Amino acid sequence: MNSSMAEAKATTKEPILQAEGLTKAYENGAIPVLHGVSLQVYPQQTVALCGPSGCGKSTLLHLLGGLDAADAGEIVVRGQPLRPGRMVQNMLRHQVGFVFQLHNLLPDLTLTENCLIPTVAAGVPRAEAMERLHQLADRTGLSHRLQQRIQKLSGGERQRTALCRALMNRPSILLADEPTGALDEATSRQIFALLLELVDREGITLVMATHDRALAARCDRLLEMHDGKMMDGAGSGARTAG
Amino acid sequence: MIFLRLILTNLSRHRIRTAISVAGIAFAVAAMLTVVTILQGAVGMFSSLLSADSQIVVFERNVADLFFSSVPQSAMDAIPTWALVEHANPVLFGIVASPTQPIITCFGVTATDTRLTRATWVAGSDAAFHAAGQATGKVEDSSQGADSVVLGERAAEFLHAQLHSTIALGNGHFTVGGILRTRNGFEDGGVFMPLATAQRFFHKQGIASVVTVKLHHPSDAAAFKARLQREFPTLIALEDQEFNNSYSQFKILKATAWAVGLAGVLMGGLGVANTMIMSVFTRIREIAILRVNGFSPLQLTALILGEAAVVSFTGSVVGLGTGVLAVMVLKSVPMLHGYVDATMSPGLLLAVTALATGTGIAGALYPAAYAMRVRPVEALRFE
């Protein structure tokens with residue numbers, strides 16, 4: 001993605017996702033993780049969060065997705081302050097998809113059943129859900145594996161399944177936590193290319209935590225984190241990686 | 001569909017654990033059904049014993065047990081003469097022991113009692129009973145001669161008695177004047193004595209335990225009760241259904257049956273609770289994944305309770321089948337002839353199923369509440 005396009009995305013639209021002064025600590029404050037992190041992400045941007053292990057990338061993603069609550073600070077999603085409870089639940093159903101390093105699929109279910117879980121939660125009619133699944137399976141090359149149990153899928157196939165599942169309810173934001181971290185390099189490149197292709201085709205905003213700087217370099221923006229802080233100015237602008 | 005698949009997948013993942021839970025509920029349901037059925041059979045038998053060809057039972061007011069009831073001779077004499085009454089039969093209940101049997105129920109009845117006239121005579125006849133009825137004065141001198149009694153068929157079996165043989169009952173010796181077969185297990189295992197003989201034997205001269213009454217018109221029951229209340233205020237008259245509903249012994253028996261059954265079902269429910277707790281605790285991560293994918297706490301609760309419902313309902317169905325089979329087997333045992341009421345009303349089956357399923361679901365409430373509180377981010381990070 002070139003810088004002018006990234007800047008255009010940043011300047012022509014309101015942020016789809018904002019964080020202001022996020023602070024988070026575990027063990028009753030004994031383990032501080034985030035220190036006043038602020039961030040603005042614009043629609044259809046692809047943003048890579050980079051930094052050493054333990055710098056707070058995953059925690060930030062969890063807070064942005066409503067999986068955990070910040071000790072201080074505010075998150076705004078599509079102009080609405082994020083509140084725990086029903087709002088988070090609706091966001092997880094309709095606006096945000098998650099992809100994790102470990103695929104987090106249910107091993108006893110088939111690929112189809114795993115992908116239908118978000119649609120069951122959201123009450124999407126089965127026919128509509130199946131149509132969407134076939135569409136995503138075509139794009140991810142999984143059409144021939146739909147009835148396979150997860151245990152019989154390769155690592156790459158599992159992560160593609162996780163990607164399909166995350167996109168089933170057409171979220172506008174995809175939060176990916178080291179999505180290729182458990183894959184070999186070749187598979188990692190394939191999955192990441194697929195991820196970028198899908199978010200581009202579907203107009204999805206991607207925020208991805210990764211150690212892989214080569215992958216991060218292919219995103220619109222690369223944000224550096226260190227010791228629970230965003231590096232100077234990283235979160236607010238539209239700085240490009242390339 | 002996926003929801004059901006999730007439920008079944010979770011259960012099939014630990015088949016043995018699930019099977020043990022199902023077996024626990026099934027055992028509880030079968031036990032409950034069997035106990036309730038047997039006790040209902042016993043209650044039904046006693047009830048039918050009182051209501052043989054009658055609509056009303058007269059006995060002493062406020063008595064705890066019919067064995068302690070005293071209906072005086074004056075009432076026994078008066079009631080049959082009332083215009084409303086078609087016939088009235090006094091019965092004296094007593095318990096006696098034999099050298100081989102600690103408890104035998106004795107019925108002191110008159111020669112015209114329908115319990116005798118409607119029975120099937122296996123040996124002897126009414127004549128033998130009439131003869132025994134005329135020989136009532138010999139009981140007090142029973143060491144020197146034998147009185148005549150009539151045995152139920154099962155009583156004859158366990159007393160190893162035949163027609164004209166002599167049996168020992170309490171301190172007396174009696175000649176078996178007849179053996180009869182009735183459809184009532186109590187009667188079949190009992191000894192019939194002429195009323196006067198029984199009164200002397202049990203030292204209750206001039207007393208009956210109850211008088212069973214048949215009216216010319218059942219609609220005259222209220223008038224009969226009013227007259228009894230007026231003329232014999234120490235006695236009470238209850239129609240058969242009233243008696244069944246109010247007799248304290250029946251209430252105790254029924255309550256015991258349900259209490260035993262409930263205890264069984266409660267244990268089964270605890271089994272389900274244990275299974276569901278294990279099920280939830282061993283898949284915290286899975287629950288977290290569902291939460292991340294948009295499952296609400298309510299949907300998770302439905303999932304957990306759904307699993308419990310499947311286990312409980314399956315257990316109930318298996319238990320009903322087992323229970324029905326057990327009742328059939330018990331019914332075929334000669335010793336229990338007449339004691340087992342194999343007619344299970346749809347209401348009973350429904351009540352037992354609902355109770356077991358409900359208990360199982362209740363057992364899953366805590367695991368469901370726990371699942372609702374799972375914080376996905378912690379579960380995903382640490383497990």
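Here is a walk through this predicted model, from its chains down to a few single residues.

Let's begin with chain B. Its 383 residues include 46% that are buried, and its fold has 16 helices and 12 strands. Look at the contacts in chain B with a separation of 6 or more: 81% of them link residues 24 or more positions apart. In other words, those contacts join parts of the chain that are 24 or more places from each other in the sequence.

Now for the inside. In soluble globular proteins, nonpolar side chains tend to end up buried together. Here, the largest nonpolar core holds 122 residues, and the ones with the most contacts inside it are L49(A), V29(B) and I304(B). Which element gives this core its largest share? That's helix α2 of chain B, residues 15-50, with 16 residues. Zoom in on I304(B) and, leaving aside residues up to four places away in sequence, you'll find it touching M276(B), V280(B), A364(B), P367(B), A368(B) and A371(B). There is also a second, separate core of 51 residues, including V58(B), V150(B), L169(B) and Y247(B).

Keep L169(B) in mind, since it takes us to strand β7(B). This strand has a covered face, made by I167(B) and L169(B), and an uncovered face, made by T166(B) and A168(B). In a regular strand, side chains alternate between the two faces of the sheet. The partner of β7(B) is strand β8 of chain B (residues 172-181), and the two pair in the antiparallel sense over four bridges. Across the pair, A168(B) stands opposite H173(B) in β8(B). Two residues sit between the strands of this hairpin, and G170(B) takes a positive phi near 60° there.

Glycine isn't alone in having a positive phi in this chain. Most residues other than glycine have a negative phi, but two histidines are worth a look. H164(B) has a positive phi of about 75° and lies in the loop between α6 (153-158) and β7 (166-169) of chain B. Is H164(B) buried or partly exposed? It counts as partly exposed, because it has 14 C-beta neighbours inside 10 Å. H203(B) has a positive phi too, near 55°, and its place is the loop between α8 (195-201) and β10 (207-208) of chain B. With 8 other C-beta atoms within 10 Å, H203(B) is exposed.

Over to chain A. Four of its strands form an open sheet in the order β2-β1-β4-β5, with antiparallel pairing. Why do β2(A) and β5(A) count as edges? Each has a single partner strand, so one side of each is left without a neighbour in the sheet. At one of those edges, two bridges join β4(A) (residues 72-77) to β5(A), and V77(A) stands opposite Q80(A) in β5(A). Helix α2 of chain A (residues 57-64) lies across β1, β2 and β4 of chain A, running at about 120° to β1(A).

Finally, see where the chains meet: 21 residues of chain A are in contact with 18 residues of chain B. On the chain A side, the elements giving two or more residues are α3 (86-94) and α4 (111-122). The largest share, seven residues, comes from α4(A). As for their character, the residues on this side of chain A divide into 12 nonpolar, three polar and six charged.

Terms used. Residues are numbered from 1 along each chain as its sequence is written. Chains are lettered from A and ligands numbered from 1 in the order in which they are written. This is a predicted model: local features need pLDDT of at least 70, side-chain atom pairs count only at pLDDT 80 or more; totals for chains, interfaces and linings use all residues. A nonpolar core is a set of buried Ala, Val, Leu, Ile, Met, Phe, Trp, Tyr and Cys residues joined through C-beta atoms within 7 Å. A residue is buried if 20 or more other C-beta atoms lie within 10 Å of its own, exposed if 12 or fewer, and partly exposed in between; C-beta atoms are placed from the backbone. Two residues are in contact if their C-beta atoms, placed from the backbone, lie within 7 Å. Ala, Val, Leu, Ile, Met, Phe, Trp, Tyr, Cys and Pro count as nonpolar, Asp, Glu, Lys and Arg as charged, and the others, Gly among them, as polar. Two strands pair if DSSP finds at least two bridges between them. Axes are lines fitted to C-alpha atoms, for helices over the stretch in contact, and angles run from 0 to 180 degrees between N-to-C directions.
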